[in-house]
Amino acid sequence: MLLHLKIKNIAVIEEADIDFYDGLNVLTGETGAGKSILIDSISMLTGVRSNRELIRTGEEKASVYGLFKPPHKVWKILEEEGIAQSEDGLLAISRELTVNGKSTCRIAGTPCTLSVLKSIGSYLINIHGQQDALELYAPEKHIILLDKWCADEFYPVLTDYRESYKQYVALAKESRALKAISEKRKNETDFLEFEINEITSAEVKVGEEDKLSERRAVLANHEKISRTLSEAREELFGNSASTREAVATALKKIENILKFDASLEKTASLLKDTLYSLDDIRAEIGGYMDTNGYSEEEMDRISERLDVLHRMKRKYGADEQEILNHLAESEKRLEFLKNSAVRERNLNGELSTLKAQIAEKAGKLHDLREKYGKKLSDEIVRQLEDLNMRGCEFEVNIKKVPYGGLGCDGVEFLISPNSGEKVKPLAKIASGGELSRIMLAIKCIMSES
């Protein structure tokens, strides 16, 4: 509750001190007297952003001070910010604006941020304007108003219901996805099994194609390779004029003159190494020619294998690694499809259990809304009598609707402004004045709960 308001240099108001009391306080004045400025000033104390345009012309700064008697919830919030409750239970809040745009806030004399002020603002003041009543024109918001007014026993039930409903929605979504899969699961499973068998049977190995291509090139050029090697062997070892014989002869001659010049020992050693190397070369050429003969059968086998690999590449990837990656993905997908069939069967049981749970919890919500809906109707009628709407009938109509985040209740406010007439939807028949008074009645009731 706001007990005292002090304003300085806000728009047309140079300075004002206003005390508020229990009950109805009325401020009147002609247009331009500053009634709306008082509301703007009060809004500043709830954390609403303000700009320097509010500062009275010619002044350097403006300020608003308010003294409140706040509910316990406010002190709990402020305790988390390090602000202790005062001995008298009263709370002072002030804000100051300067022409350079700087804004400062203080709660109980302690500097604070605008966000802290906002966190307690809604618990201190509820500002109701002409547009607020328009909420009543939207029947889908009536259930929110009713739920806000329900006793504390309502919200644990609602939280419990919403948790179960959230699980149900998630499982229902998964179930729909699995059913969509099940319609084509058989065909896709058969196709994946065919792919997996084909790739597995092909026994694809990374790098195999390159090795086979190299070997086929050797076989395809076998005649030229053999002829060239034979010519090279003939040049190196074929007759007395061969390279080996020339090296052997040179070695003998060098050895014969070593007794005259020992420095030629290195030359002799190099010739010996060359001779040994030539013997190794002869052995290598001979071994190659003995073991790398041309085989028509091997050529056919390589060609067939390369054809298999080319076919795999056309269907499953640009190289062996991509083919094997495709195999892994297909195996993973096949495993998912097989598991999805089992999951789908299990889901049906889980959904049945959850559906029974949300039906039971929604039933509890319905019972509480029926209970407190009747009380809310009686309270609103009582408040409307004080607002010159005597004889008015008000009813909270609750009907069954499909399950949703708030249960399976649809709530709509019905009214009969005149005694003896049948109640009808408030959104369709209430006038603007009636709507404003009904909203005022609701807010009065809400403030008491």
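In which strand does Asp 409 lie? Asp 409 belongs to β8, and this residue makes a good starting point for a walk through the structure, which is a predicted model.

Asp 409 is buried, because its relative accessible area of 7% falls under the 20% limit. Two polar contacts involve its side chain. One, of 2.8 Å, is made with the side chain of His 366, and another, of 3.0 Å, with the side chain of Arg 369. Setting aside residues up to four places away in sequence, Asp 409 touches His 366 and Arg 369 together with Ile 143, Leu 365, Ile 398, Lys 399 and Val 401.

The strand that holds Asp 409, β8 (407-416), also takes part in the largest nonpolar core. That core has 36 residues. Within it, the residues with the most contacts are Leu 136, Leu 376, Phe 394, Val 396, Phe 413, Leu 426 and Ile 438. Along with β8, at least two core residues each are supplied by α4 (142-149), α5 (154-202), α11 (320-386), β7 (393-404) and α13 (432-448). Helix α11 gives the largest share, eight residues. Val 396 offers a view of how the parts meet: leaving out residues up to four places away in sequence, its contacts are Leu 146, Gly 373, Leu 376, Ser 377, Val 411, Glu 412 and Phe 413. Another core, of 35 residues, lies apart from this one, and its members include Leu 5, Ile 42, Trp 75 and Ile 83.

Strand β7 is also home to Glu 395. This residue counts as partly exposed, because its relative accessibility is 33%, between the limits of 20% and 50%. Beyond its neighbours within four places in sequence, Glu 395 is in contact with Ser 377, Glu 412, Phe 413, Leu 414 and Val 423. The C-alpha atom of Glu 395 is separated by 21 Å from that of Asp 132, a residue 263 places away along the chain.

Attention now turns to a residue of another core-supplying element. Glu 198 is placed in helix α5. Is this residue buried or exposed? Glu 198 is buried, since its relative accessible area of 18% is under 20%. Its side chain is joined to that of Tyr 316 by a polar contact of 2.4 Å. Tyr 316 is also among the residues that Glu 198 touches, the others being Arg 311, Met 312 and Lys 315, with residues up to four places away in sequence not counted. Leu 327 is 129 residues from Glu 198 in sequence, while their C-alpha atoms are 9.5 Å apart in space.

Empty space is the last topic. Rolling a probe the size of a water molecule over the atoms shows where such space is left. The largest pocket has a volume of about 2500 Å³. Its lining is made up of 45 residues, and those closest to the pocket centre are Asn 126, Ile 127, His 128, Lys 443 and Ser 447. Two or more lining residues come from each of β1 (2-10), α1 (35-44), α3 (114-124), α4 and α13. Which helix provides the largest share of the lining? The largest share, seven residues, comes from α13. By residue type, the lining divides into 27 nonpolar, nine polar and nine charged residues. Helices α4 and α13 thus appear both in this lining and among the suppliers of the largest nonpolar core.

Key: Residues numbered from 1 in each chain as written. Predicted model: local features only at pLDDT ≥ 70, side-chain atom pairs only at ≥ 80, totals over all residues. Heavy atoms only, no water. Core = buried A, V, L, I, M, F, W, Y, C linked by side-chain atoms within 4.5 Å. Buried < 20%, exposed > 50% of the residue type's maximum accessible area, 1.4 Å probe, protein only. Helix = DSSP H or I, 4+ residues; strand = E, 2+ residues; numbered from the N terminus. Contact = heavy atoms within 4.5 Å. Polar contact = N/O pair within 3.5 Å; in protein donor to acceptor, adjacent residues only side chain to side chain. 1 Å grid on protein atoms, 1.4 Å probe; cavity = no way out; pocket = protein on both sides within 12 Å on 5 of 7 lines; lining within 4 Å. Points joined across faces, edges and corners; volume = space filled by probe spheres on them. Nonpolar A, V, L, I, M, F, W, Y, C, P; charged D, E, K, R; others polar.
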